[in-house]
Amino acid sequence: MQKKPSERIKELGLVLPPAPPPAGLYKPVMVVDHFLYISGQGPMQNDSSLIVGRVGHDMTMEEAKVAARQVALTMLSTIQTHFGDIDKIKRIVKTLGMVNSTPDFGQQPLVINGFSELMADIFGPDNGVGVRSAVGMILPGGIPVEIEAHFELHH
């Protein structure tokens, strides 16, 4: 039997940063029926600062992938803070990954793999992988990655 997400977080030795306060007029999380929707999250570090940079300019693809992984940790913190028990999540359904990149950078999907790989490690190879989009754009505050996601909850 697959381990609970909370057990995997402990096994992997993951440290969750503080959940960021909303940066505008929106809810960090919302439950509709059996789905949990998470607003866009940035790469919050453990000291409450954000990772900043633009991929292809002052940040490499590898550094941006690490930032995307940090977004996953930020999202888990937001879920625990504003929703509660992470073990109520059955699977990730959809991810929208946004990468602050130069016009000539075309590896946005590889950057967002930093997020997706950690979700697969936590929720398993089936439940941790959903449908996904990865696009390049300009992001607020100079952050390199912003990700929003939808999860299915256990009934």
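**Exercise 1. Fold and overall form**

How many helices and strands make up the secondary structure of the protein? Determine also the order of these elements and the overall dimensions of the model.

*Solution.* The model is predicted: local features need pLDDT of at least 70, side-chain atom pairs count only at pLDDT 80 or more, and totals for chains, interfaces and linings use all residues. Residues are numbered from 1 along each chain as its sequence is written, and side-chain values use heavy atoms, with hydrogens and water left out.

Step 1. The protein has three helices and five strands. Helices (H or I, at least four residues) and strands (E, at least two) are DSSP runs, numbered from the N terminus.

Step 2. In sequence order, these elements give the pattern α-β-β-α-β-α-β-β.

Step 3. The C-alpha trace spans about 45 × 35 × 30 Å along its principal axes. The radius of gyration is 15 Å, which agrees with the value near 15 Å for a compact globule of 155 residues. This radius is taken over C-alpha atoms, and the globule rule is 2.2 Å times the number of residues to the power 0.38.

Step 4. Of the 155 residues, 45% count as buried. Buried means under 20% relative accessible area, exposed over 50%, and partly exposed in between (1.4 Å probe, protein chains only).

Step 5. Contact means heavy atoms within 4.5 Å. Among contacts between residues at least 6 apart in sequence, 83% join residues at least 24 apart.

**Exercise 2. Salt bridges**

Identify which residues K3, R8 and K90 pair with in salt bridges, and describe the setting of each pair.

*Solution.* Side chains of opposite charge can pair when their charged atoms come close. A salt bridge is a side-chain nitrogen of Lys or Arg within 4 Å of a carboxyl oxygen of Asp or Glu.

Step 1. The structure holds five salt bridges. One of them joins K3 to E11, with the closest N and O atoms 2.2 Å apart. K3 is partly exposed at 41% relative accessibility, and E11 is partly exposed at 43%.

Step 2. E11 also forms a salt bridge with R8, where the closest N and O atoms are 2.6 Å apart. R8 has a relative accessible area of 22%, so this residue counts as partly exposed. Both E11 and R8 lie in helix α1 (residues 5–11), three residues apart, or about one turn of the helix.

Step 3. The side chains of K90 and E152 meet in a salt bridge at 4.0 Å, N to O. This pair links distant parts of the chain, with K90 in strand β3 (residues 89–100) and E152 in strand β5, 62 residues apart. K90 is partly exposed at 35% relative accessibility, whereas E152 is buried at 15%.

Step 4. Through shared partners, salt bridges join K3, R8 and E11 into one network.

**Exercise 3. An acidic residue in strand β5**

Is E146 buried or exposed, and which side chain of opposite charge is nearest?

*Solution.* Step 1. E146 lies in strand β5 (residues 145–153).

Step 2. E146 is buried yet has no salt bridge; the nearest side chain of opposite charge, K94, is 13 Å away. For charges, Lys and Arg count as positive and Asp and Glu as negative, while His and the chain ends are not counted.

Step 3. Apart from neighbours within four places in sequence, the contacts of E146 include G40, Q41, L96 and M98.

**Exercise 4. Loop residues**

Where do D33, S48 and G53 lie, and how accessible is each?

*Solution.* Most residues other than glycine have a negative phi, and most peptide bonds are trans.

Step 1. D33 is in the loop between β1 (29–32) and β2. Its phi is near 55 degrees, a positive value in a residue other than glycine. D33 is exposed, with a relative accessible area of 68%.

Step 2. S48 is in the loop between β2 (35–41) and α2 (61–82). Phi of S48 is near 75 degrees, again a positive value in a residue other than glycine. S48 is partly exposed at 46% relative accessible area.

Step 3. G53 is found in the loop between β2 and α2. G53 is buried, with a relative accessible area of 8%. Leaving aside neighbours within four places in sequence, G53 is in contact with D58, M59, N100, G142, I143 and P144.
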